[in-house]
Structure formats: C-alpha cells, structure tokens
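Please open the model in your viewer and keep the sequence panel beside it. The stops below go from the whole chain to single residues, with a suggestion at each stop for what to select next.

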Amino acid sequence: MTTLDGTRRVRTGRTTRTATARATAREGGRTEIAALSYYLVGGASLLLLAIGVVMVLSASTIDSIRTTGSPYDGFLGQMTFVLLGLPLAVVASRIPVRWYRRLAWPALLGALGLQMLIFTPLGVEVNGNTNWIKIPGTGQSVQPSEFVKLGLALWLGLVLSRKGRLLEQWRHVLVPGALGAGAGLGLVLAGHDMGTGLVIVALVGGAFFVAGLPLRWFAGAAVAGAGAAAFLVALKPSRMNRVMSFLGLSEADPSGVGFQTQHGLWGLGTGGISGVGLGASREKWSYLPEAQNDFIFAIIGEELGLLGTLLVLGLLGALAVGMFRIVRRHRDPFVQITTGAVATWILAQSLINIGVVIGLLPVIGVPLPLVSAGGSAMISTLLAIGVVLAFARSEPGAAQALATRGGVVRRSLAVVGRGRRG
C-alpha cells in the first residue's frame, strides 16, 4: 500500500508473511537469505550422513561376513547409532540458547567425569589406547573423549564470552579457559589418544580465535604445541615409526608401517574419475585395515571415484560456510565462540582424516565426521550439529523465515488433503 506522500507501508497479516517467506535480511547493503545458515548446516549434514550410511554398508560387508557370517552386521550397528543420534540432534536443535548457557558447566564436568572412568576397571585398551569404557551388562563400549569435545565447546563459549577485552591479559587467558581446556586435553592424552588430542587442540584454538585472543598468543602456543607433540611422539615407538616412515627417515615397509597408507592410495588411484562402482571395492576384502572407519575416504574414492571424493569435500565446505556464517551474523558472543569451536573440531578432524588417507599426514586414528563408522563419534557429532542448528535458528530473521516456511508447508498439505477428499 502506498500513502499520499509516496512512502510504502508494509501490510500486516498475509503480506507480512509473504515478505518474510522470502527470508531475506539487509546487512551492509547486501541482501542475504536469513535462514541460509540453517539450511546449509542441516542439509550438508544430512547428505554426509546418507553417504556415510551407504559407504559403511559397502565397506563393512566383507569384514562382517568374516566375523559374524552376516554381511549386514556392521551396517545395522551403524544404523543403530544413527537412529539414536538423529532424534537427539532434533531435540538439541529445538533447545533455546539460554539453556545451553546453563548446560555448559554440567556438560564439561559430566564429560570429564566420564573420561576419568578410563582409569577404572571399566576402561578398555584397544591398540595401546585406553580411551573406551565398557557399559556393564552389555557388549557396548563408549569413547568418552568424543563427548569431551562437545563439553569443551559449550564451556569455552560460556567462559570466553564473558571475558571480552580482558583476554589481552594473560591471567584471564589462563583462568579458567586455558586451565579447563588443559584438563580435558590432559585426560585424553593420558589415555594415549593423540589423534583426539590434536582435534581438541584445534577446537580450543578455534574458540580462542573467535573470542578475540591476540594473534601473538597463537604463535607462542604453536611453538609450545609442536614441542609437546614431538615429545609425545618420541614416547611411543609405534608413533615414532609412523612419523619416521612418513618423513622418509626410515626404510618404508609396504607390508608393515606403510601398509595401510599404501593400500589407501591404491584404493584412491584405482577409482579414477567415476570409480569402480558402488560395492565393487577390492581393498575392502581385508586388504585395507579400518576400511569402514578411519580409511572410509579411500573406499569412497575407489567406488565413487574422484567425483565421489569431491562431493564429500563440497559438502564439508558447505557445512563450513554455514557455521562460519553463524559466527559472522549472530550477535551473541556465546553462540559465536561455541560455533567456532564446533566448526574447527569438525573441519580439523576431517582434514586430518583425509590428509592421512591421501598420504599428506602420518597415520592418525580419527574418523571422518558423519561418514565413518563409530558410535560415540557419530552421536557426539550429531549432538554438536543439533546445537549449531539451534544457534542458526536464533540468527537475525531466521526464526521468522523458518516459521513462515513451516506455515507454507502446512497450508500446502491442507490444500492437497482437501483436493483428495474432493
């Protein structure tokens, strides 16, 4: 409606809802889709999850037949965790931001308490790492370090958002942020899980970066971290052998320390542009260890080719764009810092996993988020995605856009229902 003075008046009711349905917001002279972050994070996560379920079914069949006689044993186990994690993610996406502030301290303390159980008789050692605990009365085990990541992300978001410019002073960097992060990292490294430790370091670095920590602190932390990593590698002969072989300082043994890397590269090379076909992998026939876990990217490259690997990389990129968009557009420092921590966790873990498979890094046992088989990692990652989706819903204009879209869908379904009855 246009008034006598030539100005335009925005109508209420249906006109307002129609305008909101366009889901646009003006920022700095640019027109942006208000709910784009929500759709990027949710859509990319669901597509990665779908690819992961299909590839776990393909990669695990031979090993499942060998161990249980059923080709679907590994797949059904993974589907159990997916079907458990998805409802948790949906619930997490509906929790208001204020409740996550209240849950930050209990989440961290609960995760640290769970991690400390690895030092009890419940702790389970696998390949020299004691980072699992068995659930009494069941055949299941839990990797508590996966939940330490989520607890730290929420907690760092809370404590660092209250610091602001105080992070210019070393004592405010140390207390409580650095001390709490150090406690979580120390408990994980005490279980000899260096891969998860590296991911936690990236998570903490992402949180402090978004919080506004001066860059000079990162230079010092990088030097100290490199020294600590070298010390931890030297402590364990298996780590030293992998690193020395990777650097070319020891004789490469394709049947020993270099076996897994070599077969991963062979799988990628065999796939070519379009792959050998879904289910037709040769490496999964007990040639490539952990084919459905840490090296599933090699099976994707073998069966789906370069196109399949680029699809996974593109979806990870879309997920990153969605999360960084939340950091840029949201006005709440708690949301910004927590989202930055979750983003660096997922992206750093993805880069480490893919870097290992393509031979850019020595073998480090971390799964590919949302794609690799694994229960604790799947549930914790889906919970983190749910938290980020809750944050995306509270972006400027996003809640109205999503509510309008839901109203449009409901009205469309009602029209279809009336048409069928007629």
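With the whole chain of this predicted model selected, display its accessible surface, which comes to about 20600 Å², with 66% of that area belonging to carbon and sulfur atoms. Switching to a cartoon shows 14 helices and 5 strands, and colouring by accessibility marks 45% of the 422 residues as buried. If you draw the contacts between residues at least 6 apart in sequence, 70% of them join residues at least 24 apart.

Next, colour by pLDDT, for which the chain average is 85, with 85% of the residues scoring at least 70. Select residues 1-25, where the pLDDT is below 50, although the model gives this stretch 28 contacts beyond near neighbours in sequence. Then select residues 27-31, where pLDDT again stays under 50 and the model has 8 contacts beyond four places in sequence. Where pLDDT is low, the predicted coordinates should not be read in detail.

**The nonpolar cores**

Which residues have the most contacts inside the largest nonpolar core? Select L160 and M323, which hold that position in a core of 89 residues, and then add helix α12 (residues 333-357), which provides the largest share of this core with 12 residues. Centring on L160 and leaving out residues up to four places away in sequence, you will find that it touches L167, A207, F208, A211 and I337. Another core lies apart from this one and has 5 residues, among them I118, I133, V142 and I379.

**Two buried residues in helices**

Move to helix α13 (residues 375-393) and select L389, which has a relative accessible area of 11% and therefore counts as buried, the limit being under 20%. Setting aside neighbours within four places in sequence, L389 is in contact with Y38, V41, G42 and S93. A distance drawn between the C-alpha atoms of L389 and I326 reads 9.5 Å, for two residues that are 63 apart along the chain.

From there go to helix α10 (residues 259-271) and select H263, which is likewise buried, with a relative accessible area of 9%. Once residues up to four places away in sequence are discounted, H263 touches E283, Y287 and L288.

**A nonpolar patch on the surface**

Bring back the surface and select I273, L306, L307, L310 and L313, which together make a nonpolar patch of about 460 Å². Within that selection, L310 is found in helix α11 (residues 296-329) and is partly exposed, with a relative accessible area of 46%.

**Salt bridges**

Show the charged side chains for the last stops; the chain has 7 salt bridges. Begin with R216 and E168, whose side chains meet in a salt bridge at 3.8 Å, N to O. This pair links distant parts of the chain, since R216 is in helix α8 (residues 215-235) and E168 is in the loop between α5 (145-161) and α6 (170-190), 48 residues apart. Are these two partners buried or exposed? R216 is exposed, with a relative accessible area of 56%, while E168 counts as partly exposed at 46%.

Now select E303 and K284, which form a salt bridge at 3.7 Å, N to O. Here too distant parts of the chain are linked, with E303 in helix α11 and K284 in the loop between α10 and α11, 19 residues apart. E303 counts as buried at 1% relative accessibility, and K284 counts as buried at 6%.

Finish with R329 and E395, a salt bridge in which the closest N and O atoms are 2.2 Å apart. The two residues lie 66 apart in sequence, R329 in helix α11 and E395 in the loop between α13 and α14 (398-421), and the pair links distant parts of the chain. Both R329 and E395 are buried. Adding R325 to the selection completes one network, in which salt bridges that share partners join R325, R329 and E395.

Definitions and conventions
Residues numbered from 1 in each chain as written. Predicted model: local features only at pLDDT ≥ 70, side-chain atom pairs only at ≥ 80, totals over all residues. Heavy atoms only, no water. Helix = DSSP H or I, 4+ residues; strand = E, 2+ residues; numbered from the N terminus. Buried < 20%, exposed > 50% of the residue type's maximum accessible area, 1.4 Å probe, protein only. Contact = heavy atoms within 4.5 Å. Areas by Shrake-Rupley, 256 points an atom, 1.4 Å probe, with all protein chains shown as cover. Patch = residues over 30% accessible without salt bridge, like charges linked within 9 Å, V, L, I, M, F, W, Y side chains within 5 Å. Salt bridge = Lys/Arg side-chain N within 4 Å of Asp/Glu carboxyl O. pLDDT = per-residue confidence, 0-100. Core = buried A, V, L, I, M, F, W, Y, C linked by side-chain atoms within 4.5 Å.
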